[in-house]
Amino acid sequence: MKRLSFERLELLSLTERKARTISFHPKLTIISGMNGVGKSSVIKSLYWTLGAAPQAIHRDWIAANVKSRLHVRIDDASYSVVRDGRQLAMFGADGQKLISTNSITHEFGPFLADKLDFGLTLLNRQGEPEIPPPAYAFLPFYMDQDGGWERPLTSFDRLTQYANFRRSIIEYHSGIKPNEFYEISAERTKTARLKSEAFSERNTIAGVIAKLGLDPVFQGIELSADDHDLAIEALLIRLTELRDTRQRRASKLAEVIDERLLLEEQIELARAAARELGADANWATSDGREVISCPTCGTDHRNDFRHRFSILADRDQCFEFVANSMDKIDDLAKRARDVEKEMASTDQIIGEVQATLESERGRVTLKQVIENEGRRQAFSLFNQQISELDEKIGGFDATITEMEAALKEFNKRQHREQRERFYATKMRSYIDKLNMLNPDYDTISKITGRIVETGSEQPRLLLAYELALLATIQEFSTAFTAPMVIDSPNQQDQDDANARSMLSLIIDSRHPNGQTILGTVSMHGIDPGDCRVIEFDQKRSVLQAEEFESVAASFRPVLETL
């Protein structure tokens, strides 16, 4: 797993002739100051420099046309990234330019993804798999004061180019579906598209054969008795093959129907089990006893959250099984319809071949013989192309089958449960520390659950979720970790006790190898320990005139290379 860390941020405004250099502590940097001093603009510049636009940037910051250079480390390698408006460039430790572009999605994003081992692929609006822009890589690591405290994973702008991306982001970063899953998935999508193109080409050629009347029907116009006998033999062989094909398709249809019936039985069992588990959970919650005896075996069980939570978790697995099974039933229904269409097509061709075999050879003219020979040769050419395409389609089918088998390995229940259990444990611990009142454990126990509360509890619940997700990423991710950037956690007018609990959790929950950058008006008396505190105290003057010359001198040679 790669580790991204921030070392130094340089900000330059040629318009205002001001600049600022900010160095970051390897573990914890606190940027403090009253409202209006510009700390949020500085914090927004961090991931903006890496190609991820925050939801809002102050108009004065835009007017100043601030350029930025962020010095970073990816494991032991040093880089710097420069952003000037839409232009981005990345340099090595020796100053060598590695990339310079104004295309974030198609050029800078994939380049940075390669450096970070960010292998997630999403389907764009055209159905093509692609590596999403940097915003999707950094979503779990940023909580912006503008929009980032309303729902999970919303701190960046322009997140509508992919449908239902949040589940993929969560499953990818948490390691539920690692890099290899998305690499194979992208290859499967590509192979399926190639198969579709080959199948379309095959249908086009078959359509030409039918339109020109080149089908190999026997009309008694062959050039010789030998040709006549060969034609009859070819038709018999073809009839036998068609009947074999129909038999295989009939067997396939029977298998699909059997599988569907079995799934329907299993769904009913799972629904019944879910109802029973739900009733058990409600009864255990309403029962005031601390210890409850099992009516079946007499074993005593503690009636605490952990045991009630395990009942709900079992019920959730039933729901998950039902949902997945319903999807499979839809797939089976589609497969059954496809097989039925194939059988109907085969029956039609069998009828045509049988009718041809029953026809008699009549008198023919030389002209008919010549025309028939031309059609025969044309058909032979087209048929060869169809055979080649059939072979290619078969190869694609085999490859897709192998890929689907590999993808199934990543969907094992134990693999997902391990990560979701880790997340749920962290989540419960964090919401307890944030003084949450009567949280919906049934919902928030899922790593992809809805995080919705009202009033001042929403920011605290959202903070618990983001930190629990971050802990899961640091424990299981196969990609990378990045600095956790949190701006203005004191949302919805938290009282002093809750504000202190939020700041304490941010500091105490940090991973030993993680880096955190926190923007806040006040620490409410919390001692952050080993860290760097940067305080801004001048209204709308985070950039300084006295730093302009030194920063501009180092910036200008870089800007000239963009």
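Me: I keep seeing the phrase "nonpolar core". What is a nonpolar core?
Reply: A nonpolar core is a set of buried Ala, Val, Leu, Ile, Met, Phe, Trp, Tyr and Cys residues joined through side-chain atoms within 4.5 Å. In soluble globular proteins, nonpolar side chains tend to be buried together. Keep in mind that what you see above is a predicted model. Its largest nonpolar core has 100 residues, and Phe6, Tyr47, Phe138 and Met427 are those with the most contacts inside it.

Me: Which helix gives the largest share of this core?
Reply: That is helix α12, residues 457-476, with eleven residues. Met427 is a good place to look next. Setting aside neighbours within four places in sequence, Met427 is in contact with Leu461, Ala464, Tyr465 and Ala468, and also with Ile444 and Ile451.

Me: How should I get a feel for the whole protein before going further?
Reply: Start with the overall counts. The protein has 14 helices and 16 strands, and buried residues make up 45% of its 562 residues. Of the contacts with a separation of 6 or more, 73% are between residues 24 or more positions apart.

Me: At what angle do α12 and α13 pack?
Reply: The angle between α12 and α13 is about 5 degrees, and their axes are 11 Å apart. Angles under 35 degrees count as roughly parallel, so α12 is roughly parallel to α13. The residues of this contact divide into six nonpolar, one polar and one charged. On the α12 side are Pro459, Arg460, Leu463 and Leu467, which meet Asn498, Met502, Leu505 and Ile506 of α13. As for the spacing along a helix, an α-helix has 3.6 residues a turn, so residues three or four places apart point the same way.

Me: Now for sheets. What is the strand order in the open sheet of five strands?
Reply: In a regular strand the side chains alternate between the two faces of the sheet. Here the order is β10-β14-β15-β3-β16, with parallel pairing. β10 (142-143) and β16 (532-535) stand at the edges with a single partner strand each, so one side of each has no neighbour in the sheet. Two bridges pair β10 with β14 (residues 484-487), and Met143 has Ile486 as its bridge partner in β14.

Me: Which helices lie across those strands?
Reply: Helix α1 (residues 39-49) lies across β3, β10, β14 and β15, at about 155 degrees to β14. Helix α13 (residues 496-508) lies across β3, β14 and β15, at about 165 degrees to β15. α1 is mostly covered, with eleven of its eleven residues buried; among them are Lys39, Lys44, Tyr47 and Trp48. Just after α1, Gly51 takes a positive phi of about 95 degrees.

Me: What does antiparallel pairing look like here, and how many bridges join β4 to β5?
Reply: Seven bridges join β4 (residues 67-74) to β5 (residues 77-84), and the two run antiparallel. Ser68 has Arg83 as its bridge partner in β5. Arg83 also has a bridge partner in β6, namely Leu88. β5 and β6 (residues 87-92) are antiparallel too, joined by six bridges. Both hairpins have two residues between the strands: Asp75 takes a positive phi near 55 degrees in the hairpin of β4 and β5, and Gly85 one near 65 degrees in that of β5 and β6.

Me: Last one: is Pro133 buried or exposed?
Reply: Buried means under 20% relative accessible area, so Pro133, at 6%, counts as buried. Pro133 is found in the loop between β9 and α4, and it touches Ile104, Thr105, Gln161 and Tyr162, not counting residues up to four places away in sequence.

How values were computed: Residues are numbered from 1 along each chain as its sequence is written. This is a predicted model: local features need pLDDT of at least 70, side-chain atom pairs count only at pLDDT 80 or more; totals for chains, interfaces and linings use all residues. Side-chain values use heavy atoms; hydrogens and water are left out. Two strands pair if DSSP finds at least two bridges between them. Helices (H or I, at least four residues) and strands (E, at least two) are DSSP runs, numbered from the N terminus. Contact means heavy atoms within 4.5 Å. Axes are lines fitted to C-alpha atoms, for helices over the stretch in contact, and angles run from 0 to 180 degrees between N-to-C directions. Buried means under 20% relative accessible area, exposed over 50%, partly exposed in between (1.4 Å probe, protein chains only). Angles under 35 degrees count as roughly parallel, over 145 as roughly antiparallel, 65 to 115 as roughly perpendicular and the rest as oblique. Ala, Val, Leu, Ile, Met, Phe, Trp, Tyr, Cys and Pro count as nonpolar, Asp, Glu, Lys and Arg as charged, and the others, Gly among them, as polar.
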